[in-house]
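Happy to walk through this one with you. Have a look at the model below, and then we can take it question by question.

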Amino acid sequence: MKLSHKEVEHIATLARLRLTEEEKEKYSGQLSGILDYVETLSAVDTTDVEPTSQVTGLTNIARADQVIESGISEELVACAPKSADGYVVVPKIFENK
Amino acid sequence: MSELHKLTLLQAFTGLRNKEFTSRELTEACFSQIKKFDDQVKSFITLNEKEAYEQADAADEKLKNGDSASPLLGIPVAIKDIFCTKDLKTTSASKILENYIPPFDATTVEKLREAGAVFLGKTNLDEFAMGGSTENSGFFPTHNPWDLQRVPGGSSGGSAAALAADMCFYSLGTDTGGSIREPASFCGISGLKVSYGRVSRYGVMAMTSSLDTIGPFGKTVEDIAVILKYMAGQDPKDSTTPDVVVDDYSAEIMKDIRGLKIGLPKEYFVEGMDEGVRDRVLEAAKKFEEMGAEVIDISLPHTDLAVAAYYVICPSEVSSNMARFDGIKYGLSKRDGKDLLDIYLDSRAQGFGAEVKRRIMIGTYALSAGYYDAYYNKAMQVRTLVRQDFEEAYKQVDVILTPVAPAPAYKLGEKIGDPLKMYLEDVFTIPASLAGLCGLTVPAGFTESLPVGIQLLGKRFDEKTILRAGHQFQLVTDYHKQKPQL
């Protein structure tokens, strides 16, 4: 299977990656090679085989619903490129009409 | 005591207690070794000298008063730069986190801090642990102390190389598909991948959440037994850690291995593998027999499908985990564009390296509408088959003995242009990862002057048995005592 530039572009857009023309060229070859390889799985008979998504056997781990102060909320917010008054500043996404 | 850096963790511990030297002297010995050789090996991204000496002095004070029982007190450690360390830059070897300083410690780091460890610095890795050679670091590649032209393995290559070069007394790594076991083998040291869920991953940056584990590198298996005791156990902050008893590893490893059943899977001795590697594993099997173990031929029939399943599961989970890097909450933020979408696109384009982008795109494709069943679900079904192979095998044997990688350390640049070739290096480490097993690399000799390790795979949460087999092996061999000539 050969991924076209257009397909690579589409995947990159879904993944929020901006690619250069050289990257599109390089990745269409490399990604096609990797996908061809993992394609070998399609030959395996997996009728009635349950998928394994994790191996812990644990389900629904919940703790008591209590507030636990991290004590570092200000420091965490300060990690953002832009913050003010304890909030992360993000660009405006709605236009005023 | 001019050669303090050569001591094992336990020797350093004994010397500290007997007042033969101080923690400050141990710390000086490590930094002196780093200054002499790390411009060639390139194992550290960040050094932590100021805090390390403060920790050493605090440890010396405690030792003087005799008021701590922790064997890790005052012993210098190197930490893979994927573990968050409070107030110390943590990059995951990615440009997207080049200046990130976490305001908190990973649980394991916190545990070591409480035990009085000395943090020397943060070691290099393949960006976000994606790779097997440390060449995918966003900053620089690390070199193998045994041959500087060669890779140290990866992704925990910095931690492995630093320990092999005696720049620390133990180090921390992570292992998703082989990232502790392979570099341990390439660098001639011991390294443990714990069972999935054995050690908390809180504060360690996620790559493949259903597979990621963390663990120690040691100069001996005996050292690893000591360290694991301090890392293992349930953590309320990591809901994948079950409440399973943490064994007294240091006591368990003292038991002999008479009657231990060791399986040798025929699928791990394939055509094209390095003869030296194969011979070292078979010699080790013979040695185990001499020590009273029973070696049994077994079969793990779905072995050859594991890599393909892994390279669907891993990129799929990567694409999801890497979505958090958006240029908004932390890390690199490019704001020259016109809108929010431009911030995402530009920050990620400039922040991520080639391998990270490749995996994000493979994963995005595999999880996209219409492909989920063909790729991700299929891979999870094959994962079940691989897991069942091991479950069958462990009805017959206690431990499985295999090679770690098909060949010893290769040259820098040799495989970097061909990602698929690089992926196939993981053929012997990935199956156990899919099954969530524990695995230990132990040095077992050399092929053409390069170290070769054996891999001992244990049942889930049965670290004590592989550590025991590894320690007993080191009692009758001296491969782990060999040192590279720097």
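**Strands, core and contact**

Q: In this predicted model, which residue is the bridge partner of B:Lys261 in S8(B)?
A: Let's begin with the strands: S7 (residues 261–265) and S8 (residues 294–298) of chain B pair in the parallel sense, over five bridges. One of the residues in this pairing is B:Lys261, and its bridge partner in S8(B) is B:Glu294.

Q: Through which helix does the chain cross from S7(B) to S8(B), and is the crossover right-handed or left-handed?
A: S7(B) and S8(B) are parallel partners. The chain goes from S7(B) to S8(B) by way of helix H9 (residues 275–290) of chain B, making a β-α-β crossover that is right-handed.

Q: Which helix gives the most residues to the largest nonpolar core?
A: The largest nonpolar core has 166 residues, and those touching the most other members are B:Ile75, B:Val77, B:Cys168, B:Ala309 and B:Val399. The top contribution to this core, 10 residues, comes from residues 306–321 of chain B, helix H10.

Q: Beyond four places in sequence, which residues does B:Cys168 touch?
A: B:Cys168 is among the core residues that touch the most other members. Setting aside residues up to four places away, its contacts are B:Cys30, B:Pro76, B:Val77, B:Ala78, B:Leu120, B:Ala162 and B:Leu163.

Q: Which element gives the largest share of the side of chain A that touches chain B?
A: The contact takes 40 residues from chain A and 52 residues from chain B. On the chain A side, helices H1 (5–14), H2 (21–38) and H3 (73–78) each give two or more residues. By class, that side has 26 nonpolar, nine polar and five charged residues. Its largest share, seven residues, is from H2(A).

Q: Why are the buried residues of H1(A) on the same side of the helix, and what do they pack against?
A: The buried residues in H1(A) are A:Val8, A:Ile11 and A:Ala12. They lie on the same side of H1(A) because they cover an arc of only 100° around the axis. What they pack against is H2 of chain A together with helix H12 (354–367) of chain B.

Q: Is B:Thr134 buried or exposed?
A: B:Thr134 sits in the loop between strand S3 (118–123) and helix H5 (157–164) of chain B. Among its contacts beyond four places in sequence are B:Asn124, B:Pro141, B:Val151 and B:Gly158. A residue counts as buried with 20 or more other C-beta atoms within 10 Å. B:Thr134 has 34 within 10 Å, so B:Thr134 is buried.

Notes:
Residues are numbered from 1 along each chain as its sequence is written. Chains are lettered from A and ligands numbered from 1 in the order in which they are written. This is a predicted model: local features need pLDDT of at least 70, side-chain atom pairs count only at pLDDT 80 or more; totals for chains, interfaces and linings use all residues. A nonpolar core is a set of buried Ala, Val, Leu, Ile, Met, Phe, Trp, Tyr and Cys residues joined through C-beta atoms within 7 Å. A residue is buried if 20 or more other C-beta atoms lie within 10 Å of its own, exposed if 12 or fewer, and partly exposed in between; C-beta atoms are placed from the backbone. Helices (H or I, at least four residues) and strands (E, at least two) are DSSP runs, numbered from the N terminus. Two residues are in contact if their C-beta atoms, placed from the backbone, lie within 7 Å. Ala, Val, Leu, Ile, Met, Phe, Trp, Tyr, Cys and Pro count as nonpolar, Asp, Glu, Lys and Arg as charged, and the others, Gly among them, as polar. Two strands pair if DSSP finds at least two bridges between them. A crossover is right-handed if, with the strands pointing away from the viewer, the path from the first strand over the helix to the second runs clockwise. The arc is that of the directions from the helix axis to the C-beta atoms.
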